[in-house]
Amino acid sequence: MAVTINAHQLGLLIDKTIGHIGGEYTAPLNGIRLDVDATHLHAVASDRYTLAVARYRLLHDDKGGQPFARLIPGEYLPSLREWISSQAGSVYVSISAEDHYLAFRGAQTELRIAVDPGMEYPDWRGLLLAITQHTVEGEPFPALSAGFMTRWAATGDNLRVRVTADQKAVLVFGEDFIGAQMPVRFAGVGPMKDETFEAVRRQWDKTLAVGADGLDMATDMPAEDDGPRFEVTKGVYETGEELLQQVLRSNVNVHNTPGRTNSPEFLAHITAAVHGWMAYRFLDALHTADPRFARAIVAEVAEQLDSGEIGEFAWDAAKEAGHNPQKWHDEYETYLKKRAAEKPAAA
């Protein structure tokens, strides 16, 4: 059986899980498990302390096929990731399990990776099912390794966390992502030796006692200045906010413009509102599909806007896309001359 996924999404599955693979001396965990069921392709990795599962919903024609699962050994993962990166992100890659290898077939190339079809792997579905069924015991206050916690950053997403008990795994949920992290069992020193929140809080009583009551970080931190901003926004959230503000401001200006549809000013406001809304929807979709790529694009565009050369960038982009920007320029110049000739002379 073969399943199909575009190169961009396959790279995401690898990136979100590769940081969780086990060491070379634990062969069943030393790699990423590709696990296909009737509806999803899963990438699974664990080193016993963390467990990460990223999934991709199969295309319609791939659903309901014969399931398969194979472990891609850790030593081959760099080569696989390099091969994926050599493909255009939109290129579809077929993955099939054939005898003792996994075959990855792109538009022009093919990569085969030797695998052991008999390699046993932990029942990751059962493990995560059991964790999701844990009930909260008392006031859980588990100790977590900060080093392990950094692994979840590879999801490039906001995550939800569920804590149930001191000695039970903490659950992590993201977009088409689920994971778990075991607590640290070492007694240690300082807060680590204390098993309750109250015991740790008491260590900070004197330091925090001089603070005011009832404050909230959401409302009691300094607000951003309301002065004019000339810097280009470099974050996804701020860019989205600015685009939505542009849409709403332009919509107000549309209704306040005298002359309405006959006015060039009216058309300018309409264009700004439409393009702002389009840009916001495209950015939102990109951020949903790949938050890391969205952040990179926003930062790159900010640099281009800061350079003041977006006209040149647009001209080059049009030529690369197969358009004729010179023809556009000439047609627009003709339009401007015609409009100027038709404009009544000032009294």
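**Salt bridges and a charged surface patch**

Arg55 is partly exposed, its relative accessible area being 38%. In this predicted model, Arg55 forms a salt bridge with Asp176, and the closest N and O atoms of the pair are 2.9 Å apart. The contact links distant parts of the chain, since the two residues are 121 residues apart. Arg55 belongs to strand 4 (residues 50-57), whereas Asp176 lies in the loop between strand 10 (170-174) and strand 11 (177-181). Asp176 is also partly exposed, at 32% relative accessibility.

In total, 11 salt bridges are counted in the model. Another of them joins the side chains of Arg201 and Asp205, with an N to O distance of 2.9 Å. Arg201 is partly exposed at 35% relative accessibility, and Asp205 is partly exposed at 32%.

A further salt bridge, with an N to O distance of 2.6 Å, connects the side chains of Lys327 and Glu331. Both residues lie in helix 11 (residues 325-342), where they are 4 residues apart, or about one turn of the helix. Lys327 has a relative accessibility of 43% and counts as partly exposed; Glu331 is likewise partly exposed, with a relative accessible area of 43%.

Salt bridges also link Glu98, Arg105, Glu110 and Arg112 in a network.

Glu309, Glu312, Asp316 and Glu320 form a negative surface patch. Within this patch, Glu309 is located in the loop between helix 9 (291-307) and helix 10 (310-320). Glu309 is partly exposed because its relative accessible area, 37%, falls between the limits of 20% for buried and 50% for exposed residues.

Key
Residues are numbered from 1 along each chain as its sequence is written. This is a predicted model: local features need pLDDT of at least 70, side-chain atom pairs count only at pLDDT 80 or more; totals for chains, interfaces and linings use all residues. Side-chain values use heavy atoms; hydrogens and water are left out. Patches are made of residues with over 30% relative accessible area and no salt bridge: like charges are joined within 9 Å, nonpolar side chains (Val, Leu, Ile, Met, Phe, Trp, Tyr) within 5 Å. Accessible areas come from the Shrake-Rupley method with a 1.4 Å probe; for residues, only the protein chains shown count as cover. A salt bridge is a side-chain nitrogen of Lys or Arg within 4 Å of a carboxyl oxygen of Asp or Glu. Lys and Arg count as positive and Asp and Glu as negative; His and the chain ends are not counted. The place of a charge is taken as NZ of Lys, CZ of Arg, CG of Asp or CD of Glu. Buried means under 20% relative accessible area, exposed over 50%, partly exposed in between (1.4 Å probe, protein chains only).
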